[in-house]
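Good morning, and thank you for making time for this presentation. Please look at the sequence and the structure as they appear, and I shall then take you through them.

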Amino acid sequence: MATTTQAIAAPTGLLAHVLASHHAGKIIRTFPGPAGLTGVVMDYNGSKAIAYLTPDGKYLISGLVADLETGDNLTSKYGAEYIGKVDVIKGQPAFHIALQCASLSGITVGNPKAKNYLIAVFNPSTKLGYKIMGGMMGEAGNMQRQKTFNVAALKLVPVGPLAPAVLSAANPGRQVRLLHVLNQKPIGAVTSLGARFAQRNNTILSHIHVKLPFMVVYFPQAGTEAVLPLHSLMGLATAVNTAEVLGKGVQIPMDAGAR
């Protein structure tokens, strides 16, 4: 079985040294992982994360680890057990939040005619919001490789003091400005239109009682809506993986190219 656990935990000294030397965090605890791996709960750059060490303690594996026999997402399972469950909102409440968030002004990446959206709402001025922004921009490449963009689009919605400047451009320019935020470069001037977009977003979000940052999986063609508060990059990876799975099950409408 793929989930057979090990008898002896891998040495953690090398990982602890690397984390300390880069001031990146610390090891909180270890646990028996699948197939001889040692699971590690880390405080990594201010967020808790799950990773795995090979038996010799020399190699670190991060991201999704799945049991191919059962299809279980083991990283999500261990995260719920050792970090805590993510308060996922589903059903009618998620549907209403998804509709509201679909109307927010942001940066759209992918198919502009898509009916399905993965929406990230974050404040890049905060430490966690900045990390979520960088994580989402990185996941955009994964979605491209998975061909998720054939049926879905990614919308990044910045809020906070930097939002008016980011939204003070057309969509391609907004992508450039968001990259400038990520790379800590000057963003550009704030226009009255950008300020209005940001204020309208704030008004809409004031009626959504979900703590930032959060992710909305809005796939009406798959009959799925969910809202996930993001406490770490692990939750972000789980949400993107969910969107990729849903995307593979959605058929592209025959008239998609005619609109």
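How much accessible surface does the chain have, and what percentage of it belongs to carbon and sulfur atoms? The accessible surface comes to about 13100 Å², and carbon and sulfur atoms account for 58% of that area. I should say at the outset that this is a predicted model.

Let me begin with the chain as a whole. The chain has 259 residues, and 43% of them are buried. Its secondary structure consists of eight helices and nine strands. If one takes the contacts between residues at least 6 apart in sequence, 66% of them join residues at least 24 apart.

I turn next to the interior. In soluble globular proteins, nonpolar side chains tend to be buried together. Here the largest nonpolar core holds 29 residues. Which of its members touch the most other members? They are Leu118, Met136, Leu154, Leu156, Leu178, Met215 and Leu236. Helix H4, residues 127–145, gives the most to this core, with six residues. Another core, of 20 residues, lies apart from the largest one, and among its members are Ala114, Ala153, Val159 and Val210.

Leu154 deserves a moment of its own. Leaving aside neighbours within four places in sequence, Leu154 is in contact with Ile107, Thr108, Val109, Leu118, Met136, Ala140, Met143 and Phe149. Two of these partners, Leu118 and Met136, were named a moment ago with Leu154 among the core members that touch the most others.

Now to strand E8, which spans residues 214–219. Is this strand mostly covered or mostly open? E8 is mostly covered, with six of its six residues buried. In a regular strand the side chains alternate between the two faces of the sheet. In E8, Phe214, Val216 and Tyr218 point one way, while Met215, Val217 and Phe219 point the other way. Met215 is also one of the residues listed for the largest core.

Which strands does E8 pair with? Strand E6, residues 116–122, is joined to E8 by five bridges, and the two run antiparallel. Within that pairing, Val121 stands opposite Phe214. Strand E9, residues 224–229, is joined to E8 by six bridges, again in an antiparallel arrangement. There, the bridge partner of Tyr218 is Glu225 in E9. E8 and E9 form a hairpin with four residues between the strands, and in this hairpin Gly223 takes a positive phi near 65°.

That brings me to the backbone. Most residues other than glycine have a negative phi, and most peptide bonds are trans. Where does the model depart from this? The peptide bond from Leu212 to Pro213 is cis, with omega near -10°. Pro213 lies in the loop between helix H7, residues 192–205, and strand E8. Ala35 has a positive phi, near 50°, and is found in the loop between strand E1, residues 25–32, and strand E2, residues 38–44. Gln184 also has a positive phi, near 55°, and its place is in the loop between helix H6, residues 171–182, and H7. Ala35 counts as exposed because its relative accessibility, 58%, is over 50%. Gln184 counts as exposed as well, at 67% relative accessibility.

My last topic is the aromatic rings. How many aromatic pairs are there? The count comes to four. One of them is formed by Phe31 and Tyr78, a tilted pair at 4.8 Å centre to centre, with 50° between the planes. This pair links distant parts of the chain, with Phe31 in strand E1 and Tyr78 in helix H2, residues 74–82, and their positions 47 residues apart in sequence. Phe31 is buried at 4% relative accessibility, and Tyr78 is buried at 6%. Tyr78 also pairs with Tyr82, again tilted, at 6.4 Å centre to centre and 40° between the planes. Both of these tyrosines lie in helix H2, four residues apart, which is about one turn of the helix. Why is Tyr82 described as partly exposed? Its relative accessible area is 21%, and so it falls between the cut-offs of 20% and 50%. Ring pairs link Phe31, Tyr52, Tyr78 and Tyr82 into a cluster.

Finally, one ring has a charge for a neighbour: the charged end of Lys155 sits over the ring of Tyr117, 5.6 Å from its centre. Thank you for your attention.

Technical notes. Residues are numbered from 1 along each chain as its sequence is written. This is a predicted model: local features need pLDDT of at least 70, side-chain atom pairs count only at pLDDT 80 or more; totals for chains, interfaces and linings use all residues. Side-chain values use heavy atoms; hydrogens and water are left out. Buried means under 20% relative accessible area, exposed over 50%, partly exposed in between (1.4 Å probe, protein chains only). Two strands pair if DSSP finds at least two bridges between them. Rings of Phe, Tyr and Trp (its six-membered ring) pair if their centres lie within 6.5 Å; planes under 30 degrees apart count as stacked, over 60 as edge-to-face and the rest as tilted. A charge sits over a ring if NZ of Lys or CZ of Arg is within 6 Å of the ring centre and within 35 degrees of the ring normal. Contact means heavy atoms within 4.5 Å. Accessible areas come from the Shrake-Rupley method with a 1.4 Å probe; for residues, only the protein chains shown count as cover. A nonpolar core is a set of buried Ala, Val, Leu, Ile, Met, Phe, Trp, Tyr and Cys residues joined through side-chain atoms within 4.5 Å.
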